[in-house]
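Work through the exercises below with the sequence and the model open. Each task is followed by a solution in steps.

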Amino acid sequence: MENNYSYIALIPLLPLAGFLLAGLFGKKYFRRSSGLIATAFLLIATLLSIYAAYYYFFKIGRVDGVYPVVTAFKYTWLRFSENLSIDMGLILDPISVMMMVVITFVSLMVHVFSLWYMKGEERYSTYFSFLGLFTFSMLGLVISTNIFQLYMFWELVGISSYLLIGFYYDRPSAVAAAKKAFIVTRFADLAFLIGILILGFQGETLDFATLIQRLSDTASPQFIRITGASFFGISLFTWALSLVFIGGAGKSAMLPLHIWLPDAMEGPTPVSALIHAATMVVAGVYLVARLFPLYHINHVSQQLVLYVGTASALFAAVIACTQTDIKRILAYSTMSQIGFMMMALGVSGYSEYHGLGYAASLFHLFTHAFFKSLLFLAAGVIIHNIHSNEMRNMGSLRRFLPVTHAVFLIACLAISGVPPFAGFFSKEEILLAAYNSNKIVFGIALFTSGLTAFYMFRLYFSIFWNQPMEFHSKHGEMAASIKVPLLLLAMTTVFGGFIPFGHYISADGARLDTHFHLVFSIAPVVFALAGILMATLLYKNKNGRPDRLASAFAGFYQAAWKKFYFDELYLFITKKIVFPLVGKPAAWIDRHVIDGLMNGIATATGKTSSLIKGLQSGKVQNYTLYFLAGIVTLSVIFIYLWK
Amino acid sequence: MNEIPLSHLLFVSTALFFIGIFGLFTRRNMITMLMSIELILNSVNINFIVFNKYLYPEKMDGIFFTIFIIAIAAAEAAVAIAIIINLYRSHQSIDVEDAEEMRY
């Protein structure tokens, strides 16, 4: 097998070049064209990654029935000891190649869309440079060979997300949202780092392949040591994997670290499509999938993944039913869908047919990336025309934005799981995997997918039907740079489901044939159609039923409307417990003890020097006198006192 | 011939030393101060010679030291006079009390 993969390095480096070019020189030299330059770079990267995927999956193909893991290159960056080093490298395996295609493609669509969306913006070139930075770091994240390399790119992704959420920095709410996102994910990353340190210390390596090979072999000395040691009665292995999962949950907005995601919608809408729908927020899923062999042999941490995923899916779907800000609804829906992916990883086995959950999870990640970014871009068109995020200010837009209407409907059908759109296939696989392993989870998942259909069509009808409204916007949706991404993404949404995904991506790398079960898929489709029907009854035409329904469930509705008081809970904990009990004493110690010590030293020095400064008289003979006195004293000491 | 006792010679050198110190403290003229320093140095020279002669007459260490000190004193005088000339150029005076800027 030839190893001619050096061009892979170009895929992340091209967006980086775009970032540097637009960031350093964009403002001065090519203010207008910076968007086009960044887009051109990304187009090349996209073509390269599609070529790489083609080459990887079809040209090289399987070796001994599994797809090989190729290390395109590797370079030791920091060597701590004989066994432990941080490497920089590029890994190619089915999931990283798949992610590379998704990231570059969605990023390209978002770049093209932004050409129109951000036109006339004051910081046009800065925006494109941030997008380039994000794309670079996300690509670096998925092709990391090493858990520490992944962690570095993980943080880079976090900072670019922070920069883009706070892009409109003159709005206080955007600044607060950026800060919140950064702090919450940073907090989760601390757990991630501790998990990495435990894994690195006990596994004696940071390299993914070696780590997985050592720790999934129950006879290896590292495995015996890490499972033998325990902390608070839980084995270190479980601790390490759970801590790593907390990092992933922070990035993927899983319960209870989800609070930053809805606020992150303060960023420009194309950014939400790229970062907070398609790519960055699925990094947690990617991480668990990357370490899946370890999660699979550690039952406790896999259960944690399962229940956190399931709870987040249901919880977010309930909240989404009550919100009125269209981007926030989409944000909660993202959280719910990622919950589905985590759930699928949680129920998955490892080999052959039991590995269905793993394949289904990544399949859903794949299809979700397309239809969710499509939804966000369509929402971007609407927001740009209406100048409002509020559902109440919209209605009957199907007459004015026909293309947006069509693609939005397609994406809604896809996310609801109506055949033959992409979401149907991936969601059906997830439900099947859940059905095979855990009936309770399956029930919750089925109910949640019905809810998904309900809130998505509530959104759809409220925007495009419902009340009549006056539309007077000169933007429209005529620009080619809006239509092309919308239509391309709509195409992937329609046809993406027909890819035999299990053939290419499965937990053990072998071919997984997914059968289509007609009988099984009746239930999900019925639930989806019931959700859609209910939404039609309630929201297609303006009527009093939604309000009556809300007042019938007044208490529950209020709680869901307030997002189950999670923000209030966090504020209570920080403002009432952390600040007075930890922050204030710490500040007091800092101000009085630490600063006091320093100030005391400074005062003592100042006092002493003002006392003795008279000696510095400038009179030569005084100095001679001191000198003589010194000599006499020393003589006395050496002659009479020194024994 | 009666030898001069050691204590007499040491008395001379001590007297010379304290005359030098006195001159250094009381005079304000830099050239006089330089001359006082020369006196101090020469008192030390006398000490060296005297101790060499009386304690270790077979050795010459004290004499060598004296020659070194004379050589260094010559160099020191050259440097000191250069300083005095520069002081005169900047202050139009060689009185040390006129040059008191370097203080707190």
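**Exercise 1. The contact between the chains**

Task: Which residues make the contact between helix H26 of chain A and helix H1 of chain B, and what classes do they belong to?

Solution.
Step 1. Locate the two helices: H26 covers residues 620–641 of chain A and H1 covers residues 6–26 of chain B. Helices (H or I, at least four residues) and strands (E, at least two) are DSSP runs, numbered from the N terminus.
Step 2. Compare the axes, which come within 9 Å and cross at roughly 145 degrees. Axes are lines fitted to C-alpha atoms, for helices over the stretch in contact, and angles run from 0 to 180 degrees between N-to-C directions.
Step 3. List the contact residues: H26(A) supplies Gln621(A), Thr624(A), Leu625(A) and Leu628(A), and H1(B) supplies Ile21(B), Leu24(B) and Phe25(B). Two residues are in contact if their C-beta atoms, placed from the backbone, lie within 7 Å.
Step 4. Sort them by class: five are nonpolar, two polar and none charged. Here Ala, Val, Leu, Ile, Met, Phe, Trp, Tyr, Cys and Pro count as nonpolar, Asp, Glu, Lys and Arg as charged, and the others, Gly among them, as polar.
Step 5. Widen the view to the whole contact, which takes ten residues from chain A and nine residues from chain B. On the chain A side these are three nonpolar, five polar and two charged residues.

A note on conventions: this is a predicted model, in which local features need pLDDT of at least 70 and side-chain atom pairs count only at pLDDT 80 or more, while totals for chains, interfaces and linings use all residues. Residues are numbered from 1 along each chain as its sequence is written, and chains are lettered from A and ligands numbered from 1 in the order in which they are written.

**Exercise 2. Chain A as a whole**

Task: How many helices and strands does chain A have, and which two strands form a hairpin?

Solution.
Step 1. Count the elements: chain A has 26 helices and four strands.
Step 2. Take the extent of the C-alpha trace, about 110 × 65 × 55 Å along its principal axes.
Step 3. Pair the strands: S1 (residues 70–79) and S2 (residues 85–92) of chain A run antiparallel over eight bridges. Two strands pair if DSSP finds at least two bridges between them. S1(A) and S2(A) form a hairpin with five residues between them, and Thr71(A) stands opposite Ile91(A) in S2(A).

**Exercise 3. Buried helices and the core**

Task: Are the residues of helices H12 and H15 of chain A buried or exposed, and which residues of the largest nonpolar core touch the most other members?

Solution.
Step 1. Apply the burial rule: a residue is buried if 20 or more other C-beta atoms lie within 10 Å of its own, exposed if 12 or fewer, and partly exposed in between, with C-beta atoms placed from the backbone. Of the 643 residues in chain A, 49% are buried.
Step 2. Check H12(A), residues 283–290: eight of its eight residues are buried, so the helix is largely enclosed by the rest of the structure. Among them are Tyr286(A) and Arg290(A).
Step 3. Check H15(A), where 22 of 22 residues are buried. For residues 326–347 the end C-alpha atoms are 32 Å apart, in agreement with the 32 Å that 1.5 Å a residue gives. The expected span is 1.5 Å times one less than the number of residues.
Step 4. Turn to the core of 202 residues, in which Val288(A), Met343(A), Leu374(A), Ala378(A) and Ala411(A) touch the most other members. A nonpolar core is a set of buried Ala, Val, Leu, Ile, Met, Phe, Trp, Tyr and Cys residues joined through C-beta atoms within 7 Å. H16(A) gives the most to this core, with 20 residues.
Step 5. Inspect Met343(A): leaving aside neighbours within four places in sequence, its contacts include Leu306(A), Ala313(A), Ile430(A) and Ala445(A).

**Exercise 4. Backbone exceptions in loops**

Task: Where in chain A are Pro256(A), Pro420(A), Glu204(A) and His387(A)?

Solution.
Step 1. Pro256(A) is in the loop between H9 (236–251) and H10 (260–263), and a cis peptide bond with omega of about -10 degrees joins Leu255(A) to it.
Step 2. Pro420(A) is in the loop between H17 (402–416) and H18 (422–437); its cis bond to Pro419(A) has omega of about 5 degrees.
Step 3. Glu204(A) lies between H6 (172–203) and H7 (208–215), with a positive phi near 60 degrees. Glu204(A) counts as partly exposed because it has 17 C-beta neighbours inside 10 Å.
Step 4. His387(A) lies in the loop between H16 (356–386) and H17, with phi of about 60 degrees. His387(A) has 9 such neighbours and so counts as exposed.
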